[in-house]
Amino acid sequence: MRPHPILFASLFASACGGGADDVSETTVTDSAGVAIVTSAPADHPLDWTFTTAMQLGGADSGPASFTSARHRTVATNDRDRIFVFDRDASAVVVFGDDGTPVATMGGKGSGPGEIEFAFELVDAGEGVVALYDFSKRMLLRWDESGTLVGEGPVPALLEGGSLVAVRGDTTLLLTRDADSVRTVSMIQRVTRHDTVTLATLRTPPVAMVAFSCFAAMIPPLFTPTLVFATQGGWLAVARQDRYQIDLFRDGTLVRSIRRAIDGAPTTLADIDRQNPQGMRVEFGAGRASCTVPSTEIRERQGMADRLPVIQDLAFGPDGTLWVQRHTFPGDTPDVDVFAADGGYLGTEAGHGVPLGILSGGRVLFPVADSSTGVIVVGVFTVGRRAHP
């Protein structure tokens, strides 16, 4: 699902008075054919404005009754369609850019085209809406009208891992290998001919943690992992423990974006900030759940020495990259925006990474509905602040 490429073109061209060099000292070096783009740590606020045009979600019933909207459960395409995966309804709902429902895909069940247990939408290329059903172990694919066009296993997933993207016979996977010594997280590119590891992160071993309502092999809180974003043939990967985003084009590393920003040392108060109402855990397709209080997390799970630096990534128009730094729940997120060449354009505060892009200068962000508190899709018109 490709965003509109021209949405922010004029904003980017004039952002903060004329480009990345005016915003922050940026250096570009070459390392064996890879462009290393390094920007200074000082933030520069972007002079963009976001005016609410529409909110979608939180209705009492019907297609717009979903109560959660986040990156990878919401997407858009260049035909101004909005796709929302409603986990409670086990369905993908398609809306027009005016909020009118267009189609519904899936529904609870184990039959063809029905969804038992899935987490998010999968990047499967233009004109295709897809998700992976973990209970059925099938990739479900629909066209934009809601017609099921494919349902079948992903051979590369048979040995475990989670799906990043599927393009033809190429599969991108997030896999983990854990033992008593270490945990290794990897982004792998799998084709019919070979498997290539693109990114690797080693962390301390997981351990069995027994809470009052469940027990599991889990790492200490704030243990870093790999985060990613895909668009077309591009893959962006970041280790959460450092400010470095590596960009791959068709499996080849071509650019590395870096800023001198480190994670803060963790404190006991950070556990309460991360889980102000405790840690809610769901158990499979039955949606049974329990909540672990923060006191148990402090006593039994522990935490890493430092907070993560990067929380999430998303591609924007023209290959721009949006990088959300680590944010505690309820805090205002800071998102750094980089041009297609890796130059730092500035920092946007308050919205997180975009859920999608529509024509007419509109962008989608998750917002809390003022009357219900549920997270819905906010559609905003983008402009620039007037300068004296």
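# Exercises on a predicted structure

Arg-362 has a relative accessibility of 15%, and because the threshold for burial is under 20%, Arg-362 counts as buried. The model on which these exercises rest is a predicted one.

**Exercise 1. Salt bridge of Arg-362**

Determine which side chain meets that of Arg-362 in a salt bridge, and which parts of the chain the pair ties together.

*Solution.* Step one is to look for the partner: the side chains of Arg-362 and Asp-97 meet in a salt bridge, with N to O at 2.8 Å. Step two is to place both residues: Asp-97 lies in the loop between β6 (91-95) and β7 (101-106), whereas Arg-362 belongs to strand β29 (residues 362-368), so the pair ties together parts that are 265 residues apart in sequence. Step three turns to exposure: Asp-97 has a relative accessible area of 27% and is therefore partly exposed, while Arg-362 is buried.

**Exercise 2. Further salt bridges**

State how many salt bridges a search of the whole structure finds, and work through the pairs Arg-79 with Glu-144 and Asp-123 with Arg-167.

*Solution.* The search of the whole structure finds 22 salt bridges. In the pair of Arg-79 and Glu-144, the side chains meet at 2.8 Å, N to O. Arg-79 sits in the loop between β4 (74-76) and β5 (82-86) and Glu-144 in the loop between β10 and β11 (148-152), so this pair ties together parts 65 residues apart in sequence. The accessibilities of the partners are then read off: Arg-79 is exposed, with a relative accessible area of 53%, whereas Glu-144, at 16% relative accessibility, counts as buried.

In the pair of Asp-123 and Arg-167, the closest N and O atoms are 2.6 Å apart. The pair links distant parts of the chain, since Asp-123 is in the loop between β8 (121-122) and β9 and Arg-167 in strand β12 (residues 162-167), 44 residues apart. Asp-123 counts as buried at 15% relative accessibility, and Arg-167 counts as partly exposed at 30%. Elsewhere, salt bridges that share partners join Asp-43, Arg-259, Arg-325, Asp-334 and Asp-336 into one network.

**Exercise 3. A buried charge**

Examine the surroundings of Asp-133, which is buried yet has no salt bridge.

*Solution.* Asp-133 is placed in strand β9. The nearest side chain of opposite charge is that of Lys-136, 4.8 Å away, and because a salt bridge requires the nitrogen within 4 Å of a carboxyl oxygen, the two do not form one. A polar atom of the Asp-133 side chain does, however, lie 2.6 Å from the backbone nitrogen of Glu-116. Leaving aside residues up to four places away in sequence, Asp-133 touches Glu-114, Ile-115, Glu-116, Phe-117, Ala-118, Met-138 and Leu-140.

**Exercise 4. The disulfide**

Identify the cysteines that a disulfide joins, describe the handedness of their link, and locate them.

*Solution.* The count comes to one disulfide, which joins Cys-213 to Cys-290 with S to S at 2.2 Å. The angle about the S-S bond is 55°, and the link is right-handed. Cys-213 lies in the loop between β16 (207-210) and β17 (215-218) and Cys-290 in strand β23 (residues 288-292), so the pair ties together parts that are 77 residues apart in sequence. Cys-213 counts as partly exposed at 32% relative accessibility, whereas Cys-290, with a relative accessible area of 12%, is buried.

**Exercise 5. One face of a helix**

Find which residues of α4 (residues 294-301) are buried, and how they are arranged about the axis.

*Solution.* The buried residues of α4 are Ser-294, Glu-296, Ile-297 and Gln-301. Seen down the axis of α4, they fall within an arc of 150°, so they line one face of the helix. The elements covering these buried residues include β16, β17, α3 (268-274), β22 (279-283) and β23. After α4 comes Gly-302, whose phi is positive, near 75°.

**Exercise 6. Positive phi outside glycine**

Locate Arg-137 and Asp-250, and give the phi of each residue.

*Solution.* Most residues other than glycine have a negative phi. Arg-137, although not a glycine, has a positive phi of about 55°, and its place is in the loop between β9 (129-133) and β10 (138-142). The phi of Asp-250 is also positive, near 50°, and Asp-250 lies in the loop between β20 (244-249) and β21 (252-259). Arg-137 counts as partly exposed at 46% relative accessibility, and Asp-250 counts as partly exposed at 47%.

Note on methods. Residues numbered from 1 in each chain as written. Predicted model: local features only at pLDDT ≥ 70, side-chain atom pairs only at ≥ 80, totals over all residues. Heavy atoms only, no water. Helix = DSSP H or I, 4+ residues; strand = E, 2+ residues; numbered from the N terminus. Buried < 20%, exposed > 50% of the residue type's maximum accessible area, 1.4 Å probe, protein only. Disulfide = S-S within 2.5 Å. Arc of directions from axis to C-beta. Contact = heavy atoms within 4.5 Å. Lys, Arg positive; Asp, Glu negative; His and termini not counted. Polar contact = N/O pair within 3.5 Å; in protein donor to acceptor, adjacent residues only side chain to side chain.
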